[in-house]
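Student: I have a structure open before me and would like to learn how to read its features one at a time. Could we go through a few of them together?

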Amino acid sequence: MIQDLTGQQIGHYHIIQPIERGGMATVYLARDIHLRREVAIKVFQEQGDQQHSSEFFQRFTHEAQVVARLDHPNILLVHDYGEQDHLAYLVMPYLAGGSLKQLLKERGTLPITEALQIIFPLLDALHYAHDRGLIHRDIKPGNILFKNNQVPVLADFGLVKEMVTHNTDKVPVPGFAMNNQLPLSNGLLMGTPNYMAPEQIRGQVQPQSDIYSLGLVLYEMLTGQLPYATETQNRALTILYKQLYESPRPIVELNAHIPSQLAAAVMHALQKDATQRYQSAADFSQALRAIAPLEIDHPSFEALFPPLESHTSPIDPNATIPLPPEQQAAAAYSTTHGQQPHPSSSNVSKLLPNKLKESIPYGEQNTSLPTRKNRISFLLYGLLTICVLAALSFASIGFPSIFFPKTNALSTMLPPSWQPAATVPMPATQTNCPPAGKARAAVLAPYQAQGHNAIIYASSFYDQVGRAHGTIMSFDIVKSLAHPIITIPELITNAQVSSDGQWIIFSTYNDSAGTLPTPTRSRIQLVRVDGQGLQTLYCSSSTEASLQNLLASPGASLEKDWSLFFADGSTLITLNIATGEILQKFSSRHSYQPVTWLNNQDLYLLDNGTPDQDNAAAQSKLVQLMLNNPLPSADPNLPAEIQLPAACSDLDFSPDMRTIFIGHCSGSGQRDCSGACTPNAGPSTIASIKQNTESFNWNKASPIFTSSVLAITRVRAITSSSLLFLVGNDDLYNNQNGIWKINADGSGLRQLAVESSGVCTFNRFSQYPWSNLARDGSMYAFKTGSPQALGEDRLFIGSLRGGTPTVIAADGKNNVDPGSQLDIAGWTII
């Protein structure tokens, strides 16, 4: 029995309480004492003799490293792994958005639109994993979790199913060389009977097995039922038999509202013969996409779910490391078995994988029809088979959590019942200024999103008589519709979207000289994405002081852990948004620009020096501000962690905070400087600086990309393994300026957008992934304009898979007033 670790510490994780227990592992809610965040930690306890223990830990480390490299917005990340005192553990995000299993239990069926909005990101995740040589093998509603913004995530990707016992029974795939993997699988059926493909039951798992499983999930979402549900005593064996030999019940018999085209597409994914199904996740996605416009009445379905690129790369079902390109090119996957006829008594043994069959005394595997004598033997052996399965089902370790897992521990790192957040009417709020030097606690109430990707942006302008106007807008990608959230009689100087996508925090400024009866102070305000609850949290110390450099923390819980850094003139302030408590306050002659929050108590700032600094030799320093450390009230000494040139340089952190990416070019970093500054040009370099996991210091920079001609002016880490960067050469017409994408190892360089008419910028106010990237990871946003003229700003969205970006806001377009300054605030779900 696995020991209870509540209250103990594993690595740098303090165990709070168990979430789910299984035969081989227990999932705990834990606290990362370094990053001060809640995580889910899955702890495995090795079993067996010393030799198998050693093999277990070696294989565990290898598998964990491979799965940790999966970096996709719809695959549950692995933050960390380790071993301690005969235990192995995986650390993952703690998701509180519920599981599809819980959602279906409460609601039964889902509307077609909602079902497709869940299935497309999952197909994208499968496409990504299959392309890297990995097969999930246990896709089911319990392994489909939801982030707080209801984006689906595929959990438990291929680890537990390969770390359960000691012997190996690998099924070789033609054209692939078996790699040297340590044996941890004994060939027992891996998966959940209700969602297992026929070939998976036979031990011949392949990419199309995942497609079959996901097809069953879609079938269940649309009908509220599984095609092979049974209440017989030998339930698991009966379901396996049905999966092998019985056709699913037609969808329209269970839900008459499902169009025949959609039903046919789902049934095609459930073909018994793997060669007759969709051959890739991309194929399945495209088939549904061809039908989806009939069910979803909006013009931008392709923008919401861009088509996957179809790949036919073969996949080794047992490989955990993708094969080299030359092997992939040479490999030719072939399927040797076809549609199976209804079984006679002699081929019922095909229900079981070879290793399991070998454990049952069938004698010779006779493929002919049984004689009267061996019919009796067959009946005895069949009964013995059922007994063996029954024994496995009641084993203390085995059947429930390994052989036919009923639940996945990852699917239960959630509240006991999944309740979609309901929109709560906002209580009364105040927009007047709190007392000078004080902040006001935010009034928060949840908002229920409808599931549409949307980008939030700010528009500010002066009218003909010099009065200021500011509007925060949303652009619904699904409806291709721009909508004003709020309009105020002030300029919006900084706007950003909260980590949960429900709130917009922004600062205002009004210098409408002579048009106001009394001067006004700048404000920090908050509003919900539906335009409700506008409130003022803080006002500047004087009418002359401006509020700049706002950056809100992601906040594990916005109700208690949401912090905000900003500058009130030369005074730097950090406050708790939820409580209104000012946590830290000091003045400085240095120009500090917030980069990112490490957690809700510590953040990184870029120290750009003092006004009297020699700009020609200026160096920017990355410093860490820790709220728990007392500081002097003026000019504290914040030691530098790294340094970089102030001109034409930029940096960003990977989402896991373990790598810093730095871009640097030759020039001033400005554009259109008309001879007053050094033009931007190559050479440019993007380098990565990784954190030492023992000392937590930063290692030396390692270049990942160098160009002699491109002027790289900005770099953004959109995932831990991929970057976007801006090219802004002084030569506007070289067709190289614009948005580029590259992998963190320097591979996969690709230009996404060409911009020759003006300066191209990302979100100016924050650098979180959702600041520039859609919540489902499918789209990005950027701005173009001129630093020397009003009315030139344009906002674009584009697909990370390429294609021409779309203008969503510009002068005279989508309610944008002439001469407006436009700025991206971030992405959300509305």
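Student: How are α3 and α5 oriented to each other, roughly parallel or roughly antiparallel?

Tutor: Keep in mind from the start that this is a predicted model. To read the orientation of two helices, one compares the directions of their axes from N to C, and an angle over 145 degrees counts as roughly antiparallel. Here the axes of helix α3 (residues 112-130) and helix α5 (residues 207-223) cross at roughly 170° and come within 10 Å, and therefore α3 and α5 are roughly antiparallel to each other.

Student: Which residues of α3 and α5 meet?

Tutor: On the side of α3, the residues include Ile112, Ala115, Ile118, Leu122 and His130, and they meet residues in α5 among which are Pro207, Asp210, Leu214 and Met221. Sorted by character, the residues of this contact between α3 and α5 divide into twelve nonpolar, one polar and one charged.

Student: How many helices and strands are there in the chain, and what percentage of its residues count as buried?

Tutor: The chain has 15 helices and 36 strands, and 55% of its 830 residues count as buried. Among contacts between residues at least 6 apart in sequence, 58% join residues that are at least 24 apart.

Student: Is Ser540 buried or exposed?

Tutor: A residue counts as buried when its relative accessible area is under 20%. Ser540 has a relative accessibility of 0%, so it counts as buried, and its place is in the loop between β15 (535-539) and β16 (547-552). Leaving aside residues up to four places away in sequence, Ser540 touches Arg521, Ser522, Ala545, Leu547 and Asp568, while its side chain reaches the backbone oxygen of Ser542 at 2.8 Å.

Student: Where do Asp635 and Cys648 lie, and what is phi for each of them?

Tutor: Asp635 lies in the loop between β22 (619-626) and β23 (640-645), with a positive phi near 45° although Asp635 is a residue other than glycine. Cys648, in the loop between β23 and β24 (649-653), is not a glycine either, and its phi is positive at about 55°. As for accessibility, Asp635 counts as partly exposed because its value is 39%, whereas Cys648 counts as buried because its value is 3%.

Student: What is the peptide bond from Gly682 to Pro683 like, cis or trans?

Tutor: One reads this from the angle omega, which is near 5° for the bond from Gly682 to Pro683, a cis peptide bond. Pro683 has its place in strand β26 (residues 681-690).

Notes: Residues numbered from 1 in each chain as written. Predicted model: local features only at pLDDT ≥ 70, side-chain atom pairs only at ≥ 80, totals over all residues. Heavy atoms only, no water. Axes fitted to C-alpha atoms, helices over the stretch in contact; angles between N-to-C directions. Helix = DSSP H or I, 4+ residues; strand = E, 2+ residues; numbered from the N terminus. Parallel < 35°, antiparallel > 145°, perpendicular 65-115°, else oblique. Contact = heavy atoms within 4.5 Å. Nonpolar A, V, L, I, M, F, W, Y, C, P; charged D, E, K, R; others polar. Buried < 20%, exposed > 50% of the residue type's maximum accessible area, 1.4 Å probe, protein only. Polar contact = N/O pair within 3.5 Å; in protein donor to acceptor, adjacent residues only side chain to side chain.
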